[in-house]
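Here are a few notes to read alongside the model. Keep the viewer open and go point by point.

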Amino acid sequence: MVENTIHATQAIVTLDVALPGIIWGWMITLNMWAKSIGTGVILVGAFLLYRHKKEEMPNLRWIMPLISFIALNVFLLFTLVDLHQPYRMINIFLHPNWTSAITVGAWMASLFTGLVTVMMLIGGFDAFPDFRKHCAVGKSVRGISGFYEKIFPFVVFLAIPVTLYTAIIMAESSARELWQAPAEVMQMMWAALLAGSSALILVSDSWSKETRRDLALILAIATFFSFMMYMGEYFFSFKSAEAEATLAFVHSGGSYNVEFWFGMVLGFIIPFFLAVSNMKSENKTLLRFAAILALVGLYLAKDVWLKIPQMLPLS
Amino acid sequence: MKLGFLVDLNLCMGCKGCEIACKVENEVPLSSWRLRVKYIDIGTFPDASRSFTPLRCNHCENAPCERICPVSALHYLENGIVNVDNERCIGCAGCMMACPYGAIYMDPETNTADKCTYCAHRIESGMMPACVVACPVEANIFGDVEDDTSHISQYIMGHQGGIQVRKPEKHTNPKHYYVGGGTYTLDPLAHQRIEGYSLFTNITHLEAVGDKNHGVLDRFLAPFTGHGKLDNKSLIESATDAESHEQEGGH
Ligand code: SF4
Ligand code: SF4
Ligand code: SF4
């Protein structure tokens with residue numbers, strides 16, 4: 001960076017073209033946010049099933065894949081809608097370029113969504129036998145209940161790379177130095193645990209107290225570490241000229257400064273304290289409130305982090 | 001064979017001949033550029049000077065745009081050119097996020113990514129790139145950088161120590177060199193990019209990426225209904241009644 005503050009050295013662009021601003025906008029934020037829910041409920045659900053008896057969470061078997069299915073479809077829809085040539089999405093499968101995290105991610109996410117759909121159908125038919133009777137698919141898949149438990153471990157395993165691959169896309173976005181692979185990988189993981197626990201808190205009304213305490217614990221840990229990582233990156237992430245320039249712009253009150261702090265307070269600080277207090281004395285309403293705040297705050301934080309490095313001129 | 005470019009900034013006089021020649025040769029739509037000449041004013045009047053820097057794709061040997069493209073629409077040619085196949089491009093804009101030089105644009109007419117191809121179609125038939133031919137002072141030099149006898153190699157050897165590329169720390173190995181460059185001209189963070197000083201245009205952010213006249217739904221309907229008539233004329237019309245969008249602001 002050259003000193004620009006004295007008259008003799010100031011350099012100003014006096015003729016050039018306008019540059020693209022935000023290239024990946026709110027649709028990509030929504031895409032990442034929804035994916036965090038879609039994979040997070042599977043990861044957190046698996047943890048609950050490992051720790052507790054199924055009977056303590058009577059509806060988990062069908063509602064977990066159902067939430068995941070809905071979130072993954074929002075994610076896939078906005079992935080598609082954000083393409084300037086949506087019908088050519090098929091080219092990812094016909095002409096895959098395997099060095100691209102977009103390709104690897106699209107293949108994994110499609111497989112993951114397929115398996116979650118199967119789990120949702122089996123879980124739904126088992127939970128609602130009447131529905132099975134009236135549904136042609138339901139009749140033909142009688143007797144495959146056990147398949148759910150067979151594929152579940154694989155789905156849990158797959159949820160990890162599906163949640164992480166976006167971090168690698170961000171790392172492959174070499175023009176945006178703010179996004180570094182190790183930090184983004186951890187942020188994606190915390191986002192999945194945060195979103196997964198929040199989404200399950202919202203449907204845990206009939207579950208045992210202990211399961212809800214576990215959900216509160218996961219939410220508290222995820223919000224704490226996510227906040228710590230954002231703080232570390234926001235204040236001390238001066239690893240390169242471009243990351244520094246991006247952050248200096250936001251620090252100085254540039255666009256997204258307010259949104260960033262809203263995200264931090266709503267999404268991480270308040271839910272953290274609500275979740276911690278909930279582990280001592282349970283208050284379902286407050287915990288639900290924490291879950292909703294965390295989901296809103298996560299969206300804001302992701303949105304800022306996605307957009308700010310795109311404000312920088314690259315040439 | 002590895003084709004490369006060299007611009008001698010000591011010769012460049014900012015006439016923008018190359019910019020126009022490129023626009024015409026490649027029918028680059030309004031609001032998009034494969035090559036642009038950036039003016040930077042240094043110092044304060046009367047002790048001020050103006051520099052000109054032509055900027056185009058570097059045809060990186062280790063190209064992040066090629067790596068991130070999910071469908072290999074961006075691909076290497078044998079002569080080192082990083083080419084783009086806009087019949088295959090899905091318009092994900094991954095390449096625009098990956099190219100450290102902002103060399104790629106989303107063509108508003110085709111809604112696919114495009115960029116300087118070193119005029120691959122002209123090279124194929126033995127011609128020089130359009131921008132090279134247009135340059136009145138021969139500041140643009142083009143040729144095989146692996147052939148020691150080529151003009152460009154000779155020029156590089158003749159200016160040893162004075163050759164620069166943009167952002168070498170990115171390890172993209174650009175095949176586009178500059179003579180007479182400096183931090184001011186080659187590093188986008190070394191100069192201010194603010195509205196109010198520019199000669200004719202807005203220099204901060206474009207209003208849209210790709211086709212701004214058609215929304216998301218149109219992208220789905222376009223194959224059936226067509227995109228209507230979207231050409232330079234309709235782009236001019238929409239540009240004249242558009243408000244300026246400066247609120248995002250550069251810095
Ligand atoms: S300059 Fe950008 S578009 Fe050109 S090859 Fe390098 S990364 Fe790709
Ligand atoms: S926009 Fe087109 S060329 Fe660019 S990465 Fe996506 S598919 Fe490849
Ligand atoms: S080589 Fe061709 S495409 Fe590239 S800047 Fe020159 S005229 Fe434009």
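1. Start where two chains share a sheet edge: strand 1 of chain A and strand 2 (residues 36–44) of chain B pair in the antiparallel sense over four bridges. Two strands count as paired if DSSP finds at least two bridges between them. To find the spot, look for A:V13, whose bridge partner in strand 2 of chain B is B:I40. Strands here are DSSP runs (E, at least two residues), helices are runs of H or I with at least four, and both are numbered from the N terminus.

2. A word on what you're looking at: this is a predicted model, where local features need pLDDT of at least 70 and side-chain atom pairs count only at pLDDT 80 or more, while totals for chains, interfaces and linings use all residues. Residues are numbered from 1 along each chain as written, chains are lettered from A and ligands numbered from 1 in the order written, and side-chain values use heavy atoms, leaving out hydrogens and water.

3. How many residues of chain A are in contact with chain B? The count is 61, and they meet 73 residues of chain B (contact means heavy atoms within 4.5 Å). The two chains bury about 6,300 Å² between them, 58% of it on carbon and sulfur atoms. Buried area is the accessible area (1.4 Å probe) that two parts lose on being put together, summed over both. On the chain A side, A:T14, A:L15 and A:H84 lose the most area, together 13% of what that side buries.

4. Now the charges. The rule finds five salt bridges across the interface of chains A and B, each a side-chain nitrogen of Lys or Arg within 4 Å of a carboxyl oxygen of Asp or Glu. Try A:D16 and B:R193, whose side chains meet in a salt bridge at 2.9 Å, N to O.

5. Finally, the ligands; a residue is near one if a heavy atom lies within 4 Å of it. Of the 13 residues around ligand 1, B:C57, B:N58, B:C60, B:C65 and B:C99 come nearest. Ligand 2 has neighbours including B:C69, B:C89, B:C92 and B:C95, and its shell holds eleven nonpolar residues, one polar and no charged. (Ala, Val, Leu, Ile, Met, Phe, Trp, Tyr, Cys and Pro count as nonpolar, Asp, Glu, Lys and Arg as charged, and the others, Gly among them, as polar.) Around ligand 3 there are 13 residues, the closest being B:C22, B:N26, B:C116, B:C119 and B:C131. Helix 1 (17–26) and helix 5 (130–134) of chain B are the elements giving two or more residues to that shell.
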